[in-house]
Amino acid sequence: MAKQPQPISPLKNFFAGGFGGVCLVFAGHPLDTIKVRLQTQPKPKPGESLLYAGTLDCFKKTLAKEGMRGLYKGMAAPIIGVTPMFAVCFFGFGLGKKLQQKSPEDVLTYPQLFAAGMLSGVFTTAIMAPGERIKCLLQIQAASGEVKYAGPMDCVKQLYRESGIRGIYKGTALTLMRDVPASGMYFMTYEWLKNSLTPAGKSPSELSVPSVLFAGGMAGIFNWAVAIPPDVLKSRFQTAPEGKYPNGFRDVLRELIREEGVTSLYKGFNAVMLRAFPANAQNALIFWVMMR
């Protein structure tokens, strides 16, 4: 059984989640840009080589062509959405735990924590899906050689004009497929590691800073181990021209497997894992400090 932390106020949830989320975006966005560009690069024609040979090659080419600003393309969308998204995330996790408890003192099992985490992924999708759509389009446009959107607001206006609200929320189902199991994995792993690292007779709130960093970082690794395949499908689908995949993610999946094999579902793996540990460790530490 897992020991549960003491209840915390919604206001603390909002500020802790928001501040931690903003720090996470700043720390992780360059590698996120590299990840999206690797995931969405087209298959080369016969005799041609890939646009990016890997994470380091993508970093070098982006830096040489666009400078540091190129690595932060599309960051405005997640920055705007991250505070409400993290607040909703922690609210969803808290609600998921409460729904499974007969009394506030009930200790949840790890599968129950996983279920509570999955509920948080459902709640965040309403914010994540349009934010991811805008972010991905802005991240890849310079690499593709065609600058269509002047910024996030221009992107929203054009998407709405072309396809209405459905255009802005394109990829919602794939965002759910990514975030629901990944959020469950994150919260379950984080609570498990915190409890495992807590000395006998102590509370998880008394953990040392290195222990909190380790628990948060490893939870991020486990989160993304689950999330990468649907994330690849989501990136491809959200950045594809309108009408390219009429049957949604099934068409994306069939195309990727047919043309590039099963390993294509793990495109951007190195960039994701390089980002996952430090970004999530930092976020966990901020949340832990603000909740003390």
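In which helix does Arg 236 lie? Arg 236 lies in helix 9, and that helix is a useful place to begin. The structure is a predicted model, and what follows describes that model.

Helix 9 runs over residues 209–239, which makes 31 residues. A straight helix of that length, at 1.5 Å a residue, would reach 45 Å, but the end C-alpha atoms of helix 9 are only 39 Å apart. The helix also has a kink of about 50° at Ala 227. The proline Pro 229 follows shortly after that kink. As for its surroundings, helix 9 is mostly covered, with 22 of its 31 residues buried.

Arg 236 itself has a relative accessible area of 9%, and because the limit for buried is under 20%, Arg 236 counts as buried. What does it touch? Leaving out residues up to four places away in sequence, Arg 236 touches Gln 39, Thr 40 and Gln 41. On the other side of it in the sequence, the residues touched by Arg 236 include Tyr 245, Val 252, Glu 255, Leu 256, Glu 260 and Lys 267. With Gln 39 there is a polar approach: a polar atom of the Arg 236 side chain lies 3.1 Å from the backbone oxygen of Gln 39.

Another residue of helix 9, Asp 231, leads to a different part of the chain. Side chains of opposite charge can pair when their charged atoms come close. Asp 231 forms a salt bridge with Arg 178, with 2.8 Å between the closest N and O atoms. Asp 231 is in helix 9 and Arg 178 is in helix 8 (residues 172–197), so the pair, 53 residues apart, links distant parts of the chain. Asp 231 and Arg 178 are both buried; for Arg 178 the relative accessibility is 3%.

Arg 178 has a second partner. Its side chain meets that of Asp 179 in a salt bridge, at 2.6 Å from N to O. Asp 179 is buried too, with a relative accessible area of 9%. These residues belong to a wider set: a network of salt bridges links Asp 32, Lys 35, Glu 132, Lys 135, Arg 178, Asp 179, Asp 231 and Lys 234.

How many salt bridges does a search of the whole structure find? The search finds 18. One of them joins Lys 148 and Glu 162, whose closest N and O atoms are 3.1 Å apart. Lys 148 sits in the loop between helix 5 (110–144) and helix 6 (152–163), while Glu 162 is in helix 6, 14 residues apart from Lys 148. The two residues of this pair are partly exposed: Lys 148 has a relative accessibility of 35%, and Glu 162 has one of 48%.

The cysteines remain. A disulfide is a covalent bond between the sulfur atoms of two cysteines. A search of the whole structure finds 0 disulfides. For Cys 58, the nearest cysteine sulfur is that of Cys 136, at 13 Å. A disulfide needs the two sulfur atoms within 2.5 Å, so Cys 58 is in no disulfide. Cys 155 is in no disulfide either, and its nearest cysteine sulfur, again that of Cys 136, is 10 Å away. Are these two cysteines buried or exposed? Cys 58 is buried, at a relative accessible area of 0%, and Cys 155 is buried, also at 0%.

Technical notes
Residues numbered from 1 in each chain as written. Predicted model: local features only at pLDDT ≥ 70, side-chain atom pairs only at ≥ 80, totals over all residues. Heavy atoms only, no water. Helix = DSSP H or I, 4+ residues; strand = E, 2+ residues; numbered from the N terminus. Expected span 1.5 Å × (residues − 1). Bend = angle between axes of the 7 residues up to and from the residue. Buried < 20%, exposed > 50% of the residue type's maximum accessible area, 1.4 Å probe, protein only. Salt bridge = Lys/Arg side-chain N within 4 Å of Asp/Glu carboxyl O. Polar contact = N/O pair within 3.5 Å; in protein donor to acceptor, adjacent residues only side chain to side chain. Contact = heavy atoms within 4.5 Å.
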